[in-house]
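Please open the model in a viewer and keep the selection tool at hand. The tour below proceeds by selections, each followed by a description of what is found there.

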Amino acid sequence: MPQVIDHRGGVWSIEVPIPDNPLGHTLVHLLDTGRGPVLVDTGWDDPSSWDALAAGLDSLGVRIGDIHGVVVTHHHPDHHGLSGQVREASGAWIAMHAADADVVRRTREAEPARWLDYLADKLCRAGAPDEHVAPLRAAREQGRMRTLPGLRAALPDREIVPGELLDLEDRHLRAIWTPGHTPGHVCLHLEEDHPAGLPGHGRLFSGDHLLPGITPHIGLYEDPDDATVTDPLGDYLDSLERIGRLAPAEVLPAHQHAFADAPGRVRELLGHHEERLTGLLDLLAQPLTPWQTAERMEWNRPWEEIPYGSRNIAVSEAEAHLRRLVKLGRAEVLSGTPTTYVAL
Ligand SMILES: [Zn+2]
Ligand SMILES: [Zn+2]
């Protein structure tokens, strides 16, 4: 049986499974409009996910072919994976923020050898040990590497412009740019009275930006062509404050479940990151590379048990925190390779 929730006021959510992933599922939202149903996100690119989406729609009397448009909160494959297939089956448009559309374009055009070089180089600068970098070099030598997810992700047809209403008949859906989790992540604010009269301002499709029980991964914005030292954690914390001030009556996130009291959840997350930054400062009493920092930070399991790919993600997250401390003037970068940080 498809897991479908009627959120009332012409909004539904459909649980679309993410195979072999502890997150379990993506909540794909369906929004009724004057020109037909519009999806917010689509789910992971897998036949079982596609079947769950189709079955969920079917239980609401909607066929995939009826979909009028797809609004994508961000480019990650658990959100954007099925967008191309939905477009093929329905002729729907796909809308995305320009910064994430750029990521999709880069990933599609990525030259595997160049991407591997970039990753290996980045890990070396982060202080990764040789045995961690070696498999990347070996893959490059042997020409292996056509398994990156997102290689066939769909290019969007429309741009989501921050602050503007989306072009939807009979609905007021405004795009709020919330960079941090990705450079072009957007939340979508349904500026309509809450159907059950909950106090606050409308409802918010929050994607991965604001979730009730987990914190989204904040890493680095990976772009081999851009050497700018970005501050994704700073972006994320700013975006969080913006959503807190918006004070929506209810949040409809892309994972877990709907919840009220967005400002309270925002405060929790701000506190969590403040605590993490403070803990990091203690570690930085001695100079550390991002890799050494990641080894010493707290994760959902001991460092020794974190698999290869997840270590890369953890190092990226550690570096995002280190950069934030530098921007705040609480740490500095020492010259040399690998990059080393120390508390001020
Ligand atoms: Zn995501
Ligand atoms: Zn997600």
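Two strands are said to pair if DSSP finds at least two bridges between them. The model is a predicted one, and this criterion applies to its strands throughout the tour.

**The C-terminal hairpin.** Select residues 331-334, strand S12, together with residues 340-343, strand S13: the two pair in the antiparallel sense over 4 bridges. Within this pair, alanine 331 stands opposite alanine 343 of S13. Next, select glycine 336 in the same hairpin, where 5 residues lie between the strands; glycine 336 takes a positive phi near 115 degrees.

**The helix H10.** Move to residues 308-327, which form helix H10, a helix of 20 residues. From its first C-alpha to its last, H10 reaches 29 Å, close to the 28 Å expected at 1.5 Å a residue. Glycine 329 follows H10 and has a positive phi, near 75 degrees.

**The two domains.** Colour residues 4-102 and 154-265 as domain 1, and residues 271-343 as domain 2. The centres of the two domains, taken over C-alpha atoms, are separated by 30 Å. Domain 1 and domain 2 each contribute 11 residues to the contact between them. On the side of domain 1 that touches domain 2, there are 6 nonpolar, 4 polar and 1 charged residues.

**The seven-stranded sheet.** Display the strands S1 to S7, which form an open sheet of mixed pairing in the order S1-S2-S3-S4-S5-S6-S7. Why is one side of S1 and of S7 left without a neighbour in the sheet? Strand S1 (4-6) and strand S7 (158-159) stand at the edges and each has a single partner strand, so one side of each lacks a neighbour. Inside the sheet, select S3 (residues 25-31) and S4 (residues 38-40), which run antiparallel and are joined by 3 bridges. Leucine 30 has leucine 39 in S4 as its bridge partner.

**Helices across the sheet.** Add helix H1 (residues 47-59), which lies across S1, S2 (11-17) and S3 and runs at about 155 degrees to S2. Then add helix H3 (residues 83-90), which lies across S4, S5 (69-71) and S6 (93-96) and runs at about 165 degrees to S5.

**Aspartate 238.** Finally, select aspartate 238 in helix H7 (residues 232-246). Aspartate 238 counts as partly exposed because it has 13 C-beta neighbours inside 10 Å, whereas a residue is buried at 20 or more and exposed at 12 or fewer. Measure from aspartate 238 to leucine 210: the two are 28 residues apart in sequence and 13 Å apart in space, C-alpha to C-alpha.

Technical notes:
Residues are numbered from 1 along each chain as its sequence is written. Chains are lettered from A and ligands numbered from 1 in the order in which they are written. This is a predicted model: local features need pLDDT of at least 70, side-chain atom pairs count only at pLDDT 80 or more; totals for chains, interfaces and linings use all residues. Domain bounds come from an automatic or database domain assignment. Two residues are in contact if their C-beta atoms, placed from the backbone, lie within 7 Å. Ala, Val, Leu, Ile, Met, Phe, Trp, Tyr, Cys and Pro count as nonpolar, Asp, Glu, Lys and Arg as charged, and the others, Gly among them, as polar. The expected span of a helix is 1.5 Å times one less than its number of residues. Axes are lines fitted to C-alpha atoms, for helices over the stretch in contact, and angles run from 0 to 180 degrees between N-to-C directions.
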